[in-house]
Amino acid sequence: METSKEIEKVILGDFLHLEEFVAIARYHAEVAFSQEYIERVSKSRTLVEKWVEEEKVMYGVTTGFGALCTEAIGKADTEQLQENIILTHAVSVGDPLSEEGVRGILLMVLQNLGQGYSGVRIEVLEAYKEFLNRGVTPRVPADGSVGYLSLEGHCALVLMGMGEAWYQGELLSGAEALKRAGLEPVRLSSKEGLALVSGTTSPTALGALALYDLLQAAKTADVIGALSVETLKGVMNAFDERVMRIRPHSEQGRVAANVRTILKDSGIIEKYKGSKVQDALSLRCIPQLHGASRKTLEDAKRTIETEMNSCCDNPIIWPEEGEEDVISACNPDSSYVGIEMDSACIAACTLGKMSERRNNRIIDESLSGYPWFCISKPGLNSGLMIPQYTQAGLLNEMRVLASPATIDNTPTCGNQEDYVAMGFFACKKAGQIAKKLEYILAMELLSDYQAQQFLDKDVETCGVAQAVYGELRKQIPVMENDMLLYPHIEYLRDVIHSGRILELAETKAGKLQ
């Protein structure tokens, strides 16, 4: 499959992969519907219209919502009911969600309702598709969700010509944003307001974005960890394929293979071969910890992709001929994505704690043999002393964020929803943790880079190190005296987040596992 950056168009209707999701949400790939997508949406809509005419009892269509589900709604009021749910449910608060987060939610609504079990009109989904293709981004406050409803409500406000949205970089009223984009407000019909806010669409969207970055960071950690093994003149015994074979976790074996591949042409590793029996655990245990973290993240990917391709609406419109039915259940529960992303946060935290320990070994003269803090005149200069403080502070935040969100329970809706999954914050905080992990890895890479001035001049670093450091040299000078470090840390985080470090490594070493 093409990378997310390379994908230019995605046709919804078949299985949507994480890379395609990111292509749309982050890189603005064009969205289209397959004929099958359109047909299955229309099939369930026909049933809803028939049952409304017959005044069939359907939760949230001919009844009220939540604890009000026993209140009957007449046929004449079904459209007003759908507008009301948007007005009263758009109550998330605080700073707005990122553009890619909002685009991800819109895409997940299209995926959720496009499975053909929700009974909405295709015109509603066409409108959201055009939001994505024309760059209309609703302003969605990011705080205050237990798993669904509120953020989705702010998206739907703009669909109705209300709320606020960004268009071409300007924040406008929803009505004006639609007008400038050449779109018309949509008047919601039966079932549609409920369907637009029901489902795991916001946690799944935020979880998918976070997971993409965490998977990339985990693979990048293999590269940076290998460079630290070289910087610290490590021994390769801990990465021996025979060791991996007798503890056959596949992820552990793949990490060890990556380190061997990256360091296979290292003159430094060759020169110091046999100089010590073993390294500290932050080097020696890279396959085990990186492997365990990667397994957790890859398990989360399987779950997230399943959720991305599910119908998580309620009620379900079952359109199969001879079995037509409306089924009230609870597919909007966010436990699957929430528990997985809570676990992903823990995995990311462990990657960060090992990176900080490797970095600490590089800048500690008593452990690395290099001048204190990788500066030739310590004392007058602080060198790389304080980035490790920043790592410690980031790890403190990560450890707090790694506390599971999904173990909480606060009943809602007059105890009709007496159990609440709380998956939203698990997914939201995973994005925060991913960014902090990228910063921690950036500071380890900065120490690797600056330590090169003290390495033996008679031997060469591995080809991957030469490629990576050569790229960094275009932006970061060798630190002979104290200098402003902040811009360089931001730059390093950007090249990690963009995938550039991986590109450089794989250009030299081939595709990493």
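This is a short presentation on the fold, the cores and a few individual residues of one protein chain.

Good morning. What I am showing is a predicted model, and everything I say should be taken in that light. I will begin with the chain as a whole, proceed to its interior, and close with several single positions.

The chain contains 21 helices and nine strands. Its radius of gyration is 26 Å, close to the 24 Å that the globule rule gives for 513 residues, so the chain is as compact as a globular protein of that length. Measured out along the principal axes, I should rather say computed, the C-alpha trace spans about 85 × 50 × 40 Å.

How much of the chain is buried? Of the 513 residues, 58% are buried. Turning to contacts with a separation of 6 or more, 77% of them join residues 24 or more positions apart. The chain exposes about 21000 Å², and carbon and sulfur atoms supply 51% of that area. As for charge, there are 51 positive and 72 negative charges, and the mean positions of the two sets are 8 Å apart.

Let me now move to the interior. In soluble globular proteins, nonpolar side chains tend to be buried together. Here the largest nonpolar core has 150 residues, and those touching the most other members are F21, Y128 and M341. Which helix gives the most to this core? That is helix α9, residues 201–231, with 16 residues.

M341 deserves a closer look. Setting aside residues up to four places away in sequence, M341 touches G207, A210, L211, L214, A300, I304, A426, C427 and A430. Besides the largest core there is a second, separate one of eight residues, and L47, W51, V61 and V326 are among them.

F21, which I named a moment ago as a member of the largest core, brings us to helix α1. This helix covers residues 18–25, and eight of its eight residues are buried, so α1 is largely enclosed by the rest of the structure. The buried set includes the acidic pair E19 and E20 alongside F21, V22 and I24. What do the buried residues of α1 pack against? Their partners are two strands, β1 (9–12) and β2 (30–33), and four helices, α4 (99–113), α5 (122–134), α9 and α14 (286–308).

Just beyond this helix, in the loop between α1 and β2, we find H28. Phi of H28 is near 60°, a positive value in a residue other than glycine. H28 is partly exposed, with a relative accessible area of 38%.

In helix α5, one of the partners of α1, I would point out N133. Is N133 buried or partly exposed? At 30% relative accessibility, N133 counts as partly exposed. Apart from residues up to four places away in sequence, N133 touches A29, E30 and V31. The C-alpha atoms of N133 and A29 are separated by 7.9 Å, although these residues are 104 apart along the chain.

Helix α9 also holds S228. With 0% relative accessibility, S228 counts as buried. Leaving out neighbours within four places in sequence, S228 is in contact with L283, R358, I362, E444 and D448.

Next, two residues in loops. T63 sits in the loop between α2 (35–53) and α3 (78–89). T63 has 7% relative accessibility and therefore counts as buried, the cut-off being under 20%. Its C-alpha atom is 8.9 Å from that of T78, which is 15 residues away along the chain. K191, in turn, is found in the loop between α7 (174–180) and α8 (192–197). Although K191 is not a glycine, it has a positive phi of about 80°. K191 is buried, with a relative accessible area of 0%.

Finally, a point on the backbone. Which peptide bond should be inspected as cis? The bond from N314 to P315 is cis, with omega near 0°. P315 lies in the loop between α14 and β8 (316–318).

To summarise, we have a predicted model with 21 helices and nine strands, a largest nonpolar core of 150 residues, and a helix α1 that is largely enclosed by the rest of the structure. Thank you for your attention.

Methods
Residues are numbered from 1 along each chain as its sequence is written. This is a predicted model: local features need pLDDT of at least 70, side-chain atom pairs count only at pLDDT 80 or more; totals for chains, interfaces and linings use all residues. Side-chain values use heavy atoms; hydrogens and water are left out. The radius of gyration is taken over C-alpha atoms; the globule rule is 2.2 Å times the number of residues to the power 0.38. Buried means under 20% relative accessible area, exposed over 50%, partly exposed in between (1.4 Å probe, protein chains only). Contact means heavy atoms within 4.5 Å. Accessible areas come from the Shrake-Rupley method with a 1.4 Å probe; for residues, only the protein chains shown count as cover. Lys and Arg count as positive and Asp and Glu as negative; His and the chain ends are not counted. The place of a charge is taken as NZ of Lys, CZ of Arg, CG of Asp or CD of Glu. A nonpolar core is a set of buried Ala, Val, Leu, Ile, Met, Phe, Trp, Tyr and Cys residues joined through side-chain atoms within 4.5 Å.
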